[in-house]
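Student: I would like a close look at a single part of this model, the nonpolar interior, with some attention to the spaces and cysteines inside the protein. Please take me through it in one connected account.

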Amino acid sequence: MASRRTLNLLFTLHSWAGLVTGLLLFIVCFSGAVVVFKNEIDRWANPSLGRLPTVAQPVSLDTVLASVQQRHPQAEVETLQLPDALNPAYLVFARLQPADAASRTKLAVRADTGELLGPVDSQLGQFLRSLHVFLFFGPRWIVGFLGVAMLVLIATGIVIHRKILAELFTQRWGRSLRVVMSDLHKSAGIWGLAFHLLIAFTGAWLGLAPVFERAAEYLTAPSAAVPKKPAKAALQASAPPPATLQPLLLSAQQAVPGLLPRFASLQRWGRPGATVRFTGAIDGSLYSTALVQIDVASGRVIQVLDPRRGGFWTRFNGLMEPLHFGDFGGLGLKTLYFLLGMTPAFLSLTGTLIWLDGRRQRRAGRADAPALAATAP
Amino acid sequence: MKPSASANLSWGERLLPALFAAVAPAVVAAALLHLAPPPGLTPLSQRPMWVAWTLIGVWLMLATALSLAGRQDASLWRWALGLLAALLALVALATVMAGLPLAGPMVMACGGLALCMLGLARCIGPQRVRAERARPEPAPPGPAQPLQRAGVWRRTARHLVRHAGFWLCGALTVESFRLAHIVAVDPQRGVGMVGMLLGFFVLLPAVSLAPWFPRVAALLSLTTAAGLAGLAWRSGLASPALLALPLLPLAAQQLRSSWRTARAARSGDGAPRAHDGRSDRHAHAHNDTHTRTHTHSAQSDRSMAPETSR
């Protein structure tokens, strides 16, 4: 049993960590619960796409690319999103003015005819996702650090509130705000404990993995003061011949059997050194981070990431995103994630209300003290 | 009607729960904005920033309005839940009127959630949470005297010195973030990444645990200083070295605190240890099970059994 000193320490840590991060955690957890339905929200907010038919054999990637380039010859196509069960159209992310990053537009192309429909109605799902992952403006590391803070809150909370079974079923209504909120805080925390641990850990991993990777790269690089400039690719005298995407997609599917490609990202398309990266899930597997990068000119596969064949950490990393977003089990699992995802937000709220009420009580006590002293015999 | 103690809350104390309460209505309002964006602005297909700023502005305005309208805890939350229910109903109505995709599931979901919000709003009341007993308003503070104003500066300086560790941790985090995200070219980016990790995983635990484990805190502070010095040497940048320097007196102060505590424990023979006393003061400030707050709660909630929250 933890000593009183330890409990005091943990309670102080729990209170301060919760107070400092409470509002941000509430925003991140609430938006995260909503973003579970990102694809459905996008479908709902784009009525012009809702009427399109779902086709079993969509047109080729090259047809889509040609359709975009015919309407926008100057545009630089960055990514193509392939149709799926919920989204019947190809979605193309292109910079309509290559030099202007703000001109990056999401365009829709019919999957049955390859006809370019034009800009989509909205990107509401991605908007909500950017609130959850980036808080609109920042890198994902901020939310990653919040995930670590959430783990600290869970760990300290477990030790503090260690009468697990009693607190699971304790809810005293009709009492003071502090008692009611405290009971709700404890029971919600215990009921959702496993989910909270999962979300906090996977969220911290997804947010901080780039930080750790870059830090490790920097520390293990041979010379850090002046970085070596990468050798420039040899330039050809004339422009390379037009490349085709569809054969490259087939190569990718051969490199990773069972690949369900979701995105095709084009780098330096139409220029020397062009590559294309296919990313997506693997049929019949939980992993959603399969990747194949192909050199366009030669058709050579440069990089393959198949979590099934990777080491422990590759497989571990491949599980983080599906476990965090819960998009592997259909609508039922998403609904469960939504409901459970609201509980960390509820904990932030009740914890803050408990602190505010305690602060009010202390101030009232200081105000009452002179009156009590005056009336003392 | 007697004023409840909630009326004694400062506006800031009403604003904080209002900020929580306004998040959901603001997000739903942003969804409605996506259905009917104002003409003349950058189209939504380019994911423009004006939408984000609009959501933030709406959130802050809603929070301000709720904090002004809901002078009691219950009324603030009833207003917020009612507003959320109305916005969700509006989303459902817009879905049907505009013939949007996934109309059935969307209407059921929004309608169901709106009913839940209304039910929650109805549940909030004295049958769930007992209102605080009325207390007289405390006398307003008089105008600050010159000596009191001078005391403000002294108190501020004392605060900065006492919490120097947290301020240093914040400075390290901000500078590392600037190098990693805003400068964002090597070697600054790598230095920034390492700096953030040092600040969050080494220095922050050090300053947090210093009242209880001053020796461990000193060791971690020195580790952070050594790490930053190494980064400065490796990268040739000045800022890690500048941040490492003040960590040395911080570690010295933590070690001094540890020696003082150990000496007091050896000579005191039962006198309370300094970091236990300080930790008790922290616990008194925040522990909702402590006797003082328990006594106050008993005055307003006489039937309350002793707290078993810990």
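Tutor: In this predicted model, the largest nonpolar core has 77 residues, and those with the most contacts inside it are Leu124(A), Phe127(A) and Leu128(A). Although these three residues belong to chain A, the largest share of the core, 15 residues, comes from helix α1 of chain B, which covers residues 11-35. Leu128(A) shows how the two chains meet here: leaving aside residues up to four places away in sequence, Leu128(A) touches Ser31(A), Val34(A), Val35(A) and Ile41(A) from chain A, and Val27(B) from chain B. Apart from this core lies another, of 34 residues, which includes Val59(A), Leu80(A), Leu116(A) and Leu248(A). As general background, nonpolar side chains in soluble globular proteins tend to be buried together.

The cysteines come next. A search of the whole structure, over all chains, finds 0 disulfides. For Cys29(A), which is in no disulfide, the nearest cysteine sulfur is that of Cys116(B), 20 Å away; with a relative accessibility of 9%, Cys29(A) counts as buried. Cys110(B) is likewise in no disulfide, and the nearest cysteine sulfur, again that of Cys116(B), lies 12 Å away. Cys110(B) has a relative accessible area of 6% and is therefore buried, the cut-off being under 20%.

Turning to enclosed space, the count comes to 5 cavities of 30 Å³ or more, and the second largest of them has a volume of about 50 Å³. The lining of this second largest cavity includes Leu172(B), Glu175(B), Ser176(B) and Leu179(B), together with Val191(B), Gly192(B), Gly195(B), Leu228(B), Ser239(B), Pro240(B) and Leu243(B). Three elements of chain B give two or more residues to that lining, namely α6 (164-183), α7 (188-209) and α9 (239-244), and the largest share, 4 residues, comes from α6(B). By character, the lining residues divide into 6 nonpolar, 4 polar and 1 charged.

For a contrast with the buried cysteines, consider Arg366(A), which lies in helix α12 of chain A, residues 330-375. Because its relative accessibility is 57%, Arg366(A) counts as exposed. The C-alpha atom of Arg366(A) is separated by 61 Å from that of Gly280(A), a residue 86 places away along the chain.

Methods: Residues are numbered from 1 along each chain as its sequence is written. Chains are lettered from A and ligands numbered from 1 in the order in which they are written. This is a predicted model: local features need pLDDT of at least 70, side-chain atom pairs count only at pLDDT 80 or more; totals for chains, interfaces and linings use all residues. Side-chain values use heavy atoms; hydrogens and water are left out. On a 1 Å grid over the protein atoms alone, a cavity is a set of points where a 1.4 Å probe fits but cannot get out, and a pocket is an open set with protein on both sides within 12 Å along at least five of seven lines; lining residues have an atom within 4 Å of a point. Grid points are joined across faces, edges and corners, and a volume is the space filled by probe spheres set on the points. Ala, Val, Leu, Ile, Met, Phe, Trp, Tyr, Cys and Pro count as nonpolar, Asp, Glu, Lys and Arg as charged, and the others, Gly among them, as polar. A nonpolar core is a set of buried Ala, Val, Leu, Ile, Met, Phe, Trp, Tyr and Cys residues joined through side-chain atoms within 4.5 Å. Buried means under 20% relative accessible area, exposed over 50%, partly exposed in between (1.4 Å probe, protein chains only). Contact means heavy atoms within 4.5 Å. A disulfide is a pair of cysteine sulfur atoms within 2.5 Å.
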